[in-house]
Amino acid sequence: MARGDGRLTHDLLPGEKAPQDACGVFGVCLLWVYAAAAFTSVSGTISTNTIWTVDASPYHVVGDFSVAAGATLTIEPGTVVKFADNYVYATYFLVNGTLNAQGTSGSPITFTTVRDDSVGGDSNGDGSATTPAAGQWVGIVIQDGGNVTLDHATIRYAGAYLTGSAQYT
């Protein structure tokens, strides 16, 4: 759901409860509040020069994602990019154009799984119900002609497909 600042929040996950008011028999009212962390949802192809800002972070890559030839994606220092999985199919980041991800020692850029709450907070809203592990997203795949600059950037819990079998690091 879009917020006024252009950032997105997620819909309720299975088993999550919506905000609600409940008043008891004696007129005592209780308020349950669901406070989902905000995130920016992305998928598809970037075909024009684009900048991902730390203010709109974390970014959730919710489907296969690519940067087209001739386009540049610049990621600001301190930005967190989280890759969703549906427990069957892991997402990937395909670079045919240019990825420029230059963090700093004080504000590194992090690429990780949506299950990693240690950076960008609990943006999938599941508390401690899931934990990160290697191979929960494929990784950054650089195609012929693609150009990637990573500086002060961390890649967590990705896996690579080599000769048809999964190898996780």
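The paragraphs below lead through a predicted model of a protein, moving from its overall make-up to its core and then to particular residues.

A useful starting point is the inventory of regular elements, for the protein has 15 strands and zero helices. Of its 169 residues, 37% are buried, and the protein exposes about 9,200 Å², of which carbon and sulfur atoms supply 55%. The contacts also say something about how the chain is arranged: among those with a separation of 6 or more, 59% are accounted for by residues 24 or more positions apart.

We can now turn to the interior. In soluble globular proteins, nonpolar side chains tend to be buried together. Here the largest nonpolar core has 22 residues, and those with the most contacts inside it are Trp-52, Phe-65, Leu-73, Ile-75, Phe-93, Leu-99 and Phe-111. The elements that give two or more residues to this core are strands E3 (40-46), E5 (59-67), E6 (72-75), E7 (80-83), E8 (93-95), E9 (98-102) and E10 (109-113). It is E5 that gives the most to this core, with four residues.

Phe-93 makes a good place from which to look around this core. With a relative accessible area of 0%, Phe-93 is buried, since a residue counts as buried when that value is under 20%. If its neighbours within four places in sequence are left aside, Phe-93 is in contact with Phe-65, Val-67, Leu-73, Phe-83, Leu-99, Phe-111, Gly-139, Ile-140 and Val-141.

Several of these names return when the aromatic rings are considered. A pair of aromatic rings is described by the distance of the centres and the angle of the planes. The count in this structure comes to six aromatic pairs. In one of them, the rings of Trp-52 and Tyr-59 have their centres 4.4 Å apart and their planes at 10°, so this pair is stacked; both Trp-52 and Tyr-59 are buried. The rings of Phe-65 and Phe-93, in contrast, have their centres 5.0 Å apart and their planes at 75°, so this pair is edge-to-face. The pair of Phe-65 and Phe-93 links distant parts of the chain, because Phe-65 belongs to strand E5 and Phe-93 to strand E8, 28 residues apart. Like its partner, Phe-65 is buried, with a relative accessible area of 3%. Taken together, ring pairs link Trp-52, Tyr-59, Phe-65, Phe-83, Phe-93, Phe-111 and Trp-137 into a cluster.

Charged and polar side chains form links of another kind. Side chains of opposite charge can pair when their charged atoms come close. How many salt bridges does the structure hold? The structure holds one, formed by Asp-116 with Arg-156, whose closest N and O atoms are 3.0 Å apart. Asp-116 lies in the loop between E10 and strand E11 (140-142), while Arg-156 lies in the loop between strand E13 (153-155) and strand E14 (159-162), so the pair ties together parts that are 40 residues apart in sequence. The two partners have contrasting surroundings: Asp-116 is buried, with a relative accessible area of 2%, whereas Arg-156, at 27% relative accessibility, counts as partly exposed.

Two buried polar residues deserve a look as well. Thr-40 is found in strand E3 and counts as buried at 14% relative accessibility; a polar atom of the side chain of Thr-40 lies 2.7 Å from the backbone oxygen of Ala-56. Ser-123, which lies in the loop between E10 and E11, counts as buried at 0% relative accessibility, and a polar contact of 3.3 Å joins its side chain to that of Lys-82.

Finally, the backbone itself has some details to notice. Most residues other than glycine have a negative phi, and most peptide bonds are trans. A cis peptide bond, with omega of about 5°, joins Ser-57 and Pro-58, and Pro-58 lies in the loop between strand E4 (50-52) and E5. His-152, in the loop between strand E12 (147-151) and E13, has a positive phi near 50° and counts as partly exposed at 40% relative accessibility. Tyr-157 also has a positive phi, of about 60°, although it is not a glycine. Tyr-157 is found in the loop between E13 and E14 and, at 30% relative accessibility, counts as partly exposed.

Notes: Residues numbered from 1 in each chain as written. Predicted model: local features only at pLDDT ≥ 70, side-chain atom pairs only at ≥ 80, totals over all residues. Heavy atoms only, no water. Core = buried A, V, L, I, M, F, W, Y, C linked by side-chain atoms within 4.5 Å. Buried < 20%, exposed > 50% of the residue type's maximum accessible area, 1.4 Å probe, protein only. Contact = heavy atoms within 4.5 Å. Phe/Tyr/Trp six-rings, centres within 6.5 Å; stacked < 30°, edge-to-face > 60°. Salt bridge = Lys/Arg side-chain N within 4 Å of Asp/Glu carboxyl O. Polar contact = N/O pair within 3.5 Å; in protein donor to acceptor, adjacent residues only side chain to side chain. Areas by Shrake-Rupley, 256 points an atom, 1.4 Å probe, with all protein chains shown as cover.
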